[in-house]
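Open the structure in your viewer and switch to a cartoon view. We will take a short walk through it, one selection at a time.

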Amino acid sequence: FQPKVLSGRHVLITAGPTFEAIDPVRGLTNRSSGKMGFALARAAHEAGAQVTLVAGPVALPTPRGVQRVDVMSAQDMQRAVQASADAADVFIAAAAVADWRPANAAGQKIKKDGSGEVPALAFVENPDILAGVAQGARAKGGALYCVGFAAESHDLLAHAQAKRARKGVPLLVGNIGPDTFGRDDNALLLVDEGGTTELPRDGKLALARRLVAEIARRLPRG
Ligand code: C5P
């Protein structure tokens with residue numbers, strides 16, 4: 001039995017990696033299966049929310065009842081998120097967004113000409129989608145509740161606390177290692193103004209249901 005703790009709420013979720021084109025056949029991406037974000041979308045729908053899932057390139061089926069928007073690059077993802085953010089009550093940024101993109105993607109395939117010369121790639125920084133949405137919501141005085149994720153190799157608590165402050169979000173969720181990529185289980189460390197809560201190792205769907213319940217408890221009454 002799943003209590004409908006998010007009924008009447010609109011939840012916006014990003015999931016998966018982004019893909020930044022170098023040329024029409026090559027690109028730069030991050031490691032992310034999208035499993036946690038998709039599990040969160042399913043769990044939020046089960047909890048009664050209207051769910052919009054903005055997904056980078058992943059091979060996962062759309063959870064039932066969830067509105068999915070497929071994107072490739074961080075800039076595409078930002079546009080899709082901005083289109084839905086005003087109507088949302090909760091924003092969960094579970095995507096692994098590429099920090100940089102090639103400065104000038106080539107319109108045609110870069111050819112290997114046999115001379116041994118390698119192309120020089122220049123990068124520009126991608127927008128921080130989560131920080132931007134959180135800042136926009138604050139500026140509008142809205143009640144959008146923003147949740148960020150952190151995947152760290154060491155010092156998870158310190159990094160999660162710092163990230164929470166830097167992104168300006170009330171709740172930051174750390175993936176407790178060693179390596180969550182593509183796995184079906186995970187363990188989470190929740191960091192908010194009250195301190196920390198640990199969600200012990202479990203399947204990603206079970207954890208997503210617990211995280212959704214934790215988020216619902218923290219929302220202002222709707
Ligand atoms: O800074 P870092 O990438 O470690 O932060 C991770 C958190 O910020 C995740 O919630 C991720 O979805 C979000 N993020 C974002 N846009 C970026 C980079 C990260 O929304 N460009």
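Each stop below says what to select and what you will find there. Keep in mind that this is a predicted model.

**Stop 1: the sheet.** Colour the strands first. Eight of them form an open sheet, in the order 5-4-1-6-9-10-11-12, with mixed pairing. At the edges are strand 5 (67-70) and strand 12 (195-203), and each of these pairs on one side only. Now look along the sheet: neighbouring strands are turned by 20° against each other on average, ignoring direction.

**Stop 2: strand 1.** Select residues 10-15, which make up strand 1. Is this strand mostly covered or mostly open? It is mostly covered, with five of its six residues buried. To count as buried, a residue needs 20 or more other C-beta atoms within 10 Å of its own.

**Stop 3: the neighbours of strand 1.** Add residues 50-55, and you have strand 4, which runs parallel to strand 1 and is joined to it by six bridges. Show Ala15 as sticks and find Ala55 of strand 4 standing opposite. Next, add residues 90-93 for strand 6, which also runs parallel to strand 1, here over four bridges. Which residue of strand 6 is the bridge partner of Val11? Val90 is the one to highlight.

**Stop 4: out to an edge.** Move from strand 4 to strand 5, where four bridges join the two in the parallel sense. Pick Val54, then look opposite for Val69 in strand 5. While you have side chains on display, a handy rule: in a regular strand the side chains alternate between the two faces of the sheet.

**Stop 5: two helices across the strands.** Select residues 35-46 to see helix 1, which lies across strand 1, strand 4, strand 6 and strand 11 (185-192). The direction of helix 1 is at about 165° to strand 1. Then select helix 3 (129-139). Helix 3 lies across strand 1, strand 6 and strand 9, running at about 160° to strand 9.

**Stop 6: the ligand.** Finally, centre the view on the ligand. How many residues surround the ligand? There are 15, and the closest are Ala93, Val97, Ile129, Leu130 and Gly148. Helix 3 and strand 9 (145-151) are the elements that give two or more residues to this shell. Strand 9 gives the most, with three residues. Colour the shell by residue type to finish: ten residues are nonpolar, three are polar and two are charged.

Definitions and conventions. Residues are numbered from 1 along each chain as its sequence is written. This is a predicted model: local features need pLDDT of at least 70, side-chain atom pairs count only at pLDDT 80 or more; totals for chains, interfaces and linings use all residues. A residue is buried if 20 or more other C-beta atoms lie within 10 Å of its own, exposed if 12 or fewer, and partly exposed in between; C-beta atoms are placed from the backbone. Two strands pair if DSSP finds at least two bridges between them. A residue is near a molecule or strand if its C-beta atom, placed from the backbone, lies within 6 Å of it. Ala, Val, Leu, Ile, Met, Phe, Trp, Tyr, Cys and Pro count as nonpolar, Asp, Glu, Lys and Arg as charged, and the others, Gly among them, as polar. Axes are lines fitted to C-alpha atoms, for helices over the stretch in contact, and angles run from 0 to 180 degrees between N-to-C directions. Two residues are in contact if their C-beta atoms, placed from the backbone, lie within 7 Å.
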